[in-house]
Amino acid sequence: MNFMKKAVILAIAALGANAWDAAEKEAALKVVDECARGVQWYGFPRLKAFDMMTPKLLLTVLKTYTTAMAPGAFEHFDAEAIETVYAAVSSSNNCEMCLSFHAMALGASASAEDIAEIVAGGLPKDPKMRTLVIASKYALAHKGIYLERERKHLAVLGIEGEKLVELTFLVGFMSAHNMNYVHLISMGLELEPMLQEVGPFAKTIYAKEGEL
């Protein structure tokens, strides 16, 4: 794993340690300027996607994302569980940007085999991750509405009541990010090499000569 990958994984894991300062009205423009100059903010390296968003949208995206990843943001989901949900949702929505990003983040705790399975749209072997991926797929299937048999299945897996409410929110939240980045990709956004190497097309359109 190269230095940049390690740095990004550590940065993502540390996102929860950063709190958004409500008094950063004037600092907003400074943040955008720093992003434009390649300065890391909230652990994020500068991404080409940032250049395609308005300053206010960029700040809102980063602010809401880091708030959702902060310790204690949810009653039933910690950062590792949230990353699994985000990866599963991004896979189902085929968002190369988000899927690559969250696959990289999961590399700090999950096995390569389980990550590859999620990226491919399947179910990982790890029991906890498998449950989260199944639940995420159900949440997406009917846009937050669960069939009775689906609710019964999730209850057996330990996801019901308030936990199901939080899960549904997380799935919808990541779907919004997916829509944003899929749109940007459709408008010509190219992913950074560090993301290309871990995403759904890593061994196809980004494969080096002799790797196929």
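Setting aside neighbours within four places in sequence, Gln-196 touches Leu-191, Ala-202 and Tyr-206 in this predicted model. The residue belongs to helix 10, which spans residues 193–196. Gln-196 counts as buried because its relative accessibility is just 17%, and the cut-off for that label is 20%.

Zooming out, the fold is helices and no strands: the chain has 10 helices and zero strands, so from the N terminus on the elements simply read α-α-α-α-α-α-α-α-α-α. Of its 212 residues, 45% count as buried. Sequence-distant contacts feature heavily here: taking contacts between residues at least 6 apart in sequence, 63% join residues at least 24 apart. The accessible surface comes to about 11,400 Å², with 58% of that belonging to carbon and sulfur atoms.

Helix 6 (residues 112–119) gives a neat look at how one of these helices is packed. Its buried residues are Asp-114, Ile-115, Ile-118 and Val-119. Viewed down the helix axis, they fall within an arc of 135 degrees, so they line one face of the helix. Ala-112 and Glu-113, on the other side, are exposed. The cover over the buried residues includes helix 4 (79–92), helix 5 (96–106) and helix 7 (127–141). After helix 6 comes Gly-121, with a positive phi near 90 degrees.

Now for the aromatics. Searching the whole structure turns up four aromatic pairs. One of them joins Phe-74 and Phe-169, with ring centres 6.0 Å apart and planes at 40 degrees, so this pair is tilted. Phe-74 sits in the loop between helix 3 (55–69) and helix 4, while Phe-169 is in helix 9 (residues 161–186), so the pair ties together parts that are 95 residues apart in sequence. The two partners differ in cover: Phe-74 is buried at 16% relative accessibility, whereas Phe-169, at 46%, is partly exposed.

Phe-169 also pairs with Phe-173, and here the rings are stacked, at 5.7 Å centre to centre with 20 degrees between the planes. Both residues lie in helix 9, four residues apart, or about one turn of the helix. That spacing fits the general rule: an α-helix has 3.6 residues a turn, so residues three or four places apart point the same way. Phe-173 is buried, with a relative accessible area of 15%. Together with Tyr-65, Phe-74 and Tyr-86, the residues Phe-169 and Phe-173 form one aromatic cluster.

One more ring deserves a mention: Lys-163 lies over the face of Phe-77, at 5.9 Å from the ring centre.

Notes:
Residues numbered from 1 in each chain as written. Predicted model: local features only at pLDDT ≥ 70, side-chain atom pairs only at ≥ 80, totals over all residues. Heavy atoms only, no water. Helix = DSSP H or I, 4+ residues; strand = E, 2+ residues; numbered from the N terminus. Buried < 20%, exposed > 50% of the residue type's maximum accessible area, 1.4 Å probe, protein only. Contact = heavy atoms within 4.5 Å. Arc of directions from axis to C-beta. Areas by Shrake-Rupley, 256 points an atom, 1.4 Å probe, with all protein chains shown as cover. Phe/Tyr/Trp six-rings, centres within 6.5 Å; stacked < 30°, edge-to-face > 60°. Lys NZ or Arg CZ within 6 Å of the ring centre and 35° of its normal.
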